[in-house]
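Student: I'd like to take a close look at one part of this structure with you. Could you walk me through it at an easy pace?

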Amino acid sequence: MEEQLIECDVLCVGGGIAGLMAAIRASELGANVVVAEKGNAHYSGCGRRGNDHFETWIPEVHGADKEKFIDELLKTAKGEILIGRDILRAQFGKAHEIVELWDEWGIPMRQKGKWEFAGHAFPGRMMTHIKYEGRFQKTVLVQQARKRGARIMNRIMVDELLRDGDRVIGAVGVHTREDKVFVFQAKAVILGTGKCSRLYQGLTPGMMFNDGHGGVQTGDGRAMAYRAGAELMNVEMPQRHIGPKYFAKFGQATWVGVLRDAEGKPVGPFVSEPDRRYGDIVMEVNKLAPEQYGERGRGPVYMDCTGISDEDAAYMRHWHIHEGNVSLVDHMDAEGIDPRKHPIEFSTYPLRGGGLIVANEKAETSLPGLYAAGDEAMGDISAAATFGWISGDTAATYARTVEHGDVEVTRPIIAALESRVDELRGRGNGPDWEEANIALQQVMTDYAGKVRNEARLLQGLAHLRRLRQKVDTEMMARNQHELGRCLEVHNLFDVGELTFHAALDRRESRGLHNRPDYPFKNPLLSQAHIVRMEGDRPVTDWRSY
Amino acid sequence: MPPIINPDLCIKCDRCVNICTEDVFFGSKKHETPVITYPRECVHFNGCVDVCPVPGAIWLRYPMPSMIVYRTSSDYEAPPG
């Protein structure tokens, strides 16, 4: 196996919105930047095929006091989100500048020269999201990063961080097509590897890539951060989304319609007729509504756009395409589905792995030299773009103050990865990644899923560990592609195990963490639930944020 | 399962092979008609269709389990008999 050493000031792991924005900013500040992307940065990450809403404070629209904007968010959409105000201040102190930059670079953020606010909105309240044409945003950001000298290396999956003492001094990964290992000697590493799909059974069990985020965001960043000793938080708090039944596509606020029950009654109190300015925010207030209606014998629930004007239908179609829903539009066309005539059934999508890498308003994690941005740390396109930029700024500034570490002191970590690669590639029998992944999804869904209690969590954790032993000793990869998938499965097992530990430790019910053995929300636990590795075991802690 | 390539129209430019993040075309050889090795890993983002310079040379077939559910005016009528 060939081993290649790459030296850089700043290594961005993941070439999504956050990773590319980090690369752009760090390069601007004079850093020598490498982006390692396991797919192709033109079409990777949540923003790969576009977005159409960007949450931002715009001073000339909202007034000079951004605190009022943040107050409004906390009163409405973000009320239940466990994010500190300092994080929101950092995001909205920068987001409006990012919006101007994107517009300048060729991502149309203004419509006909003006800001257009629509969607994700409570009628009568402050509007918080601008519409933008994001279909080609990734291509623009790749060009901007390259223009500033960043080197984008596609098909490299970074799998372990390298540490000297407390400090992160690089990373090691594999090529997903060729038999090569890459050792990165970096003064700073930024993790922007996205969400955690494929941990729970999806919309169609076994068809793991029917997922609104794509199927390759497998918690790689949080898993490697944990293994390197960084802190994660709220890993046990899963996420769910809502959208068209059976075809997992996001864009809840892109629909010009009303969420209605089978009798035509609106599910929520916010809109009673389709209105392009608002969408129907009941889906953000309660993503469980379709599932609850079903359980109470009141389903199905539909996104009802019937009766909208041809102009509104064309508007919605335009924005679906920019939201990344080209395939949804194609599918509806091919099947003769016309939202003006046919209500579309919506469902609550299954659970997805939760948690974040702990990062502050400067995108610094708990380890020197390690930064996190995007869905690994904050979530949503505005946060990804903004904290991507902030992380690039912080990391490049830090890189000026330190010398390269000696990656040879981390040789045991590099050798362990190389040995794991040899084992996975060398086995001729045994479960492949898909079989192992399905087994993991099964135990996560049944034992750490919608309903959790202590006995079930303990039994599930024990079973997961037995599965893990098989994965460690028997899983096989027929080629480099499957090797990458196997490493993803390793990461998912780590996140799964941490989910069990943290769920056992959260003795309350809150959000999607439903523990009938502790049925009430405990206000004293409205804190960050920290998990980190001590020795080779996870330890948990609570901390205010 | 998607994607599907018409070998008569494919000009073997490798654009689809290069951009696919899931690498469903893994194992394709340079300047040969791409092979679809991992169709189950397609996420239907249409990137391959977008970058293909020849209309109709590549398209996506959406899998049956992903077909969306919609309501027509007659869906709630009782079935005959």
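Student: Which order do the strands of the open sheet of four strands that contains β10 of chain A have, and with which pairing?

Tutor: Happy to! A word on the ground rules: this is a predicted model, in which local features need pLDDT of at least 70, side-chain atom pairs count only at pLDDT 80 or more, and totals for chains, interfaces and linings use all residues. Residues are numbered from 1 along each chain as its sequence is written, chains are lettered from A and ligands numbered from 1 in the order in which they are written, and side-chain values use heavy atoms, with hydrogens and water left out.

Now to your sheet. Its order is β10-β13-β12-β11 in chain A, and the pairing is antiparallel. Strands here are DSSP runs of E with at least two residues, helices are runs of H or I with at least four, and both are numbered from the N terminus; two strands pair if DSSP finds at least two bridges between them. Because β10 (242-244) and β11 (258-260) of chain A stand at the edges with a single partner strand each, one side of each has no neighbour in the sheet. On average, neighbouring strands of this sheet are turned by 35° against each other, direction ignored; the axes are lines fitted to C-alpha atoms, for helices over the stretch in contact, with angles running from 0 to 180 degrees between N-to-C directions. At the β10 edge, β10(A) and β13 (residues 344-348) of chain A are joined in the antiparallel sense by three bridges. One place to look is A:Pro244, whose bridge partner in β13(A) is A:Phe346.

It is worth setting beside this another open sheet of four strands in chain A, with the order β14-β9-β16-β17 and antiparallel pairing. Here β14 (356-357) and β17 (537-543) of chain A are the edge strands, each with a single partner, so one side of each is left without a neighbour in the sheet. Seven bridges link β16(A) and β17(A) in the antiparallel sense, and A:Val531 has A:Thr540 of β17(A) as its bridge partner. Across β9 (232-233), β16 and β17 of chain A lies α15(A), which runs at about 45° to β17(A).

Follow the chain out of that helix and you meet A:Arg506, in the loop between α15 (480-505) and β16 (528-534) of chain A. A:Arg506 counts as buried because its relative accessibility is 0% (buried means under 20% relative accessible area, exposed over 50%, partly exposed in between, with a 1.4 Å probe and protein chains only). Beyond its neighbours within four places in sequence, the contacts of A:Arg506 (heavy atoms within 4.5 Å) include A:Asn234, A:Glu236, A:His529 and A:Trp542.

To place these pieces in the whole, chain A has 15 helices and 17 strands, and 63% of its 545 residues count as buried. Among its contacts between residues at least 6 apart in sequence, 73% join residues at least 24 apart. The C-alpha atoms of chain A fill a box of roughly 65 × 55 × 50 Å along the principal axes. Chain B, in turn, follows the pattern β-α-α-β along its sequence, and buried residues make up 42% of its 81 residues.
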